[in-house]
Amino acid sequence: KHVPSLSSSSLLGHTFIRRLATLATESAAANSTTLPIHHAQFFFDNVYPLKLNAFDFRSYISRLSRRSLETKLRQNKWLPPENELPYEFKIEEVVPRRKEGGMFVKFTYRVDEASRGIALKEIHETVEKFVESKDIIPWFNFYSMRVFLVKGEPLVEDMAGRFPARLDDWLYYELFFAFMCQLLIWQFDYVTCLSGDSLYHTFRRYGRIRDITVQPLSSKDLPRFATIIFTRIRSATSAKSCVHKMVVDGTRLSVFYDTLPKTNMIYNWMTAHPRISIPLIAALVAAISYMIFDPIRIFFITSKITQRFNIQEYPLYQWLRKETIDRFWAYRKNSDEDDPLHDVSMWSERVDEEVKLRNWLKEPPETFVVVLGPRGSGKSGFIDKVIQHKKNKVFIRCDHLLNSRDENELVYKLAKQVGYFPLFTIFVALSNIIDTVASATIGQKTGFTSTTDAEVKQILDVLALALYRIAPDALTKRNRLLLNRSPSGSYKSSIVDTYDSDDIPVLVIDSYMTKDKESHELWEHLTKLAVFLVENRVAHVIIVSSNTAINKTLSKALPYKTFNYVVLSDAPPEKAIKFVRRYVGSVDERELEDSVVALGGRLTDLKMFIKKIRDGQTSQGAFRDLLGKAVMEIRKHAFGDDTEDAKNIPWTGVQFWKVMVELSKSGNVDYDSIKYSPAFKGDDTPLKAMEEAELITIVQHYGCPYLIRPGKPLYQAAFSEIIADDHFADTMELQMNQYLSAFETAKVQQYEDELAKLGSCFTEDGKRLLGGGSATGDVGERVKWLAENIGNKHVVIAEYEKNVRSLKKKIADRQPR
């Protein structure tokens, strides 16, 4: 209600005070705007992954662009607010440096020239405390972000050849410093005043230093330099970014990375001692292969044997197929039954052999199962049928392996058959090249050479290990027989082999030791594998072959065991006729029977005969085609196409003609009668060669040959067909009579020579020259025997000569065909 009035003096006082305040504010603003603007920059370390070389792309993984960096700085994540920093701090520019793993932050501030150093120190301490309080740790390492004040003039470059260098085997990095005097260049007094202590105090703030090396005073190399080695790579990059062109004690420092020649103690020792280091490297490679690749290969081989990844082997799939597809598409089954390739047990003899083989496979594997039979008798199909329901089985088909183009393909096929993976066939040739070069340079092989023989052995060794792991434990464990002590103190053994016979693996070696490849090194490796599996009761080994000579090889490998034999022969005529009737349509029964009887019971010939009839030929026409093919085979392989071919055949035409004539009569002939005939003179080497060529078959009884039969039943008809050719038969008979005549003549010559020797021992009146006596008694009997034989031989020779003249005249008078 009552407002006191102010006096004029009080009003004047208040006005004066406000005026003073206004003048002070205006004076401070005027002084601030008159202060000079200074430029400086920080280096923020640990922003990007550090780039160590031109091929290091880790720095590009970070998505921090220039704008992203500026945003983080403006948002006060890496830097305090500008209004909290003294001296009117303002961010001017951000320069990312992926190569050094950091960034430059250029800024401005206002301060007088005299306080410039203090202001920079105060700003740096404020920023450094802020960064330390944030404890910024990037995602690519475990070190916190650091910030340094740039004291020089950093060289912002992108040269691809300058990176921090590693020194020896230590994780230390080095910098190279070239010292140039700021006032008088190359004046050594200025340069040498920069000591190691000055360098230490200058660079220690960027990280721990391992060593400082200053150029000796006696050195005349220019420019002068020193080397500083840090214990951390980011210390080196930070020092390079902050110290370049900094002046220390009147010397300007130029900072560069130095790439020193690396000296590795282990590498130097290895290069200086190749005779020791190279075998050690080879052993190391083998150890790595054993530890890494062998388990992988065992896994794949086991999968191949157990059909782990074959869905058709799973019971669920088989049940579903039986209840679905096989019910709706029953014609597929019928079509399979109509295929002669589907059935190989069409006569009772093979049913008996099949039962015998199945029983052997239920027993523990203690010996080989040898399946013998001529080529084309269906041995492979027989084995496939017997073991088709076995859980664990593996096949090695030697005929496919031996048909390889080269050794590398043989190794590849073998690995594929057993499931061996991975296989580095390319390194076989490469290792041979390396070994050759090493032998030429250091005079010693490297040990890296891998031959085909070694590769095959390695594959089979891994296969044996895989089979050992698959086999039932009751068979392979060492304590197979447990000893139980009886109350009386004695020990008795109890068999504890409890296992499922279907779990025992089965290894089938098909086409083992084929007759044209008896000396191949593959057989030795397969034999060793088979012996290992049998002796350790790991797997059943079934050896399938058409070569009866394998008995000797197997007996040497397993001398104290008897083998289980399955011998597959050709079908008897009645079974062969029944088999053919099953698969052909309506044909002339009489003609069919005659053709099949002449054709014989060889399974491959019967299948071909059935195929030709199905293609529309008659029984007689199909038989004549097969017979003509057999005749050409015999003429080519037994006698040769010409004289030059005949020279390369290990028997003479006369010898095979003798065998062929005898076999055409009855189908078999006594072995010894042929062996000791004049054509062979007791030498059975040509007979064995004929068997290898599959022209004849030698039947053995308890390991001794006693019969000779045609190579296959069709050959008997072919022999008769060849003999029925008058032109060829007359020519061969002419050669035979000439050979026999020469053979008998040689005998007569021997008798005459012996008579001449006996006659030289007596005088004309019949008295002995030595010891006395007359030419009577035992000597007379010998002379009489020789004379009688000479007379008999002359009769035989005359008969042969007569046949020769008759055959020559017959051949000469024959009209051309």
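## Salt bridges, helices and a surface patch in a predicted model

Asp 730 is buried, with a relative accessible area of 8%. In this predicted model, the side chain of Asp 730 meets that of Lys 810 in a salt bridge, with 3.6 Å from N to O. Because Lys 810 belongs to helix H31 (residues 778-813) and Asp 730 to helix H30 (residues 726-759), the pair ties together parts that are 80 residues apart in sequence. Lys 810, at 44% relative accessibility, counts as partly exposed, whereas Asp 730 falls under the 20% limit for a buried residue.

**Other salt bridges**

The structure holds 37 salt bridges, and the pair just described is one of them. Another joins Arg 581 to Glu 593, whose closest N and O atoms are 2.4 Å apart. Arg 581 sits in helix H21 (residues 573-583) and Glu 593 in helix H22 (residues 589-599), so this salt bridge ties together parts that are 12 residues apart in sequence. Both partners are partly exposed, Arg 581 at 37% relative accessibility and Glu 593 at 29%. Glu 100 and Arg 97 also meet through their side chains, at 2.9 Å from N to O; here Glu 100 is buried at 2% relative accessible area, and Arg 97 likewise counts as buried at 9%. The table sets out the three pairs.

| Salt bridge | N to O distance | Relative accessible area |
|---|---|---|
| Lys 810 and Asp 730 | 3.6 Å | Lys 810 44%, Asp 730 8% |
| Arg 581 and Glu 593 | 2.4 Å | Arg 581 37%, Glu 593 29% |
| Glu 100 and Arg 97 | 2.9 Å | Glu 100 2%, Arg 97 9% |

Beyond these pairs, Asp 45, Arg 146 and Arg 234 are linked in a network of salt bridges. Arg 146 is also among the contacts of Ser 235, which, leaving aside its neighbours within four places in sequence, touches Tyr 206, Gly 207, Arg 208 and Phe 230 as well. Ser 235 lies in helix H6 (residues 233-243) and is buried, with a relative accessible area of 1%.

**Helix H8 and the nonpolar patch**

An unreviewed UniProt entry lists residues 276-293 as a transmembrane region. In the model this span is 100% helix and 0% strand, and its end C-alpha atoms lie 25 Å apart. Ile 288, a residue of helix H8 (residues 274-306), is partly exposed at 35% relative accessible area. Ile 288 belongs to a nonpolar surface patch that also includes Leu 284, Tyr 290, Met 291, Ile 292, Ile 296, Phe 299, Phe 300, Phe 309 and Phe 421, with about 1000 Å² of accessible area together.

**Helix H23**

For the 12 residues of helix H23 (residues 603-614), a rise of 1.5 Å a residue gives an expected span of 16 Å, and the 17 Å between its end C-alpha atoms agrees with this. Buried residues in H23 include Leu 603, Leu 606, Phe 609, Ile 610 and Ile 613, and also the charged residues Asp 605, Lys 607 and Lys 612. Gly 616, which follows H23, has a positive phi near 115°.

**The chain as a whole**

The chain contains 31 helices and 20 strands, and 40% of its 817 residues count as buried. Among contacts with a separation of 6 or more, 71% are between residues 24 or more positions apart. The accessible surface of the chain comes to about 46700 Å², with 55% of it belonging to carbon and sulfur atoms.

Conventions
Residues numbered from 1 in each chain as written. Predicted model: local features only at pLDDT ≥ 70, side-chain atom pairs only at ≥ 80, totals over all residues. Heavy atoms only, no water. UniProt positions renumbered as here; feature names shortened; annotations may be inferred. Helix = DSSP H or I, 4+ residues; strand = E, 2+ residues; numbered from the N terminus. Patch = residues over 30% accessible without salt bridge, like charges linked within 9 Å, V, L, I, M, F, W, Y side chains within 5 Å. Areas by Shrake-Rupley, 256 points an atom, 1.4 Å probe, with all protein chains shown as cover. Salt bridge = Lys/Arg side-chain N within 4 Å of Asp/Glu carboxyl O. Buried < 20%, exposed > 50% of the residue type's maximum accessible area, 1.4 Å probe, protein only. Contact = heavy atoms within 4.5 Å. Expected span 1.5 Å × (residues − 1).
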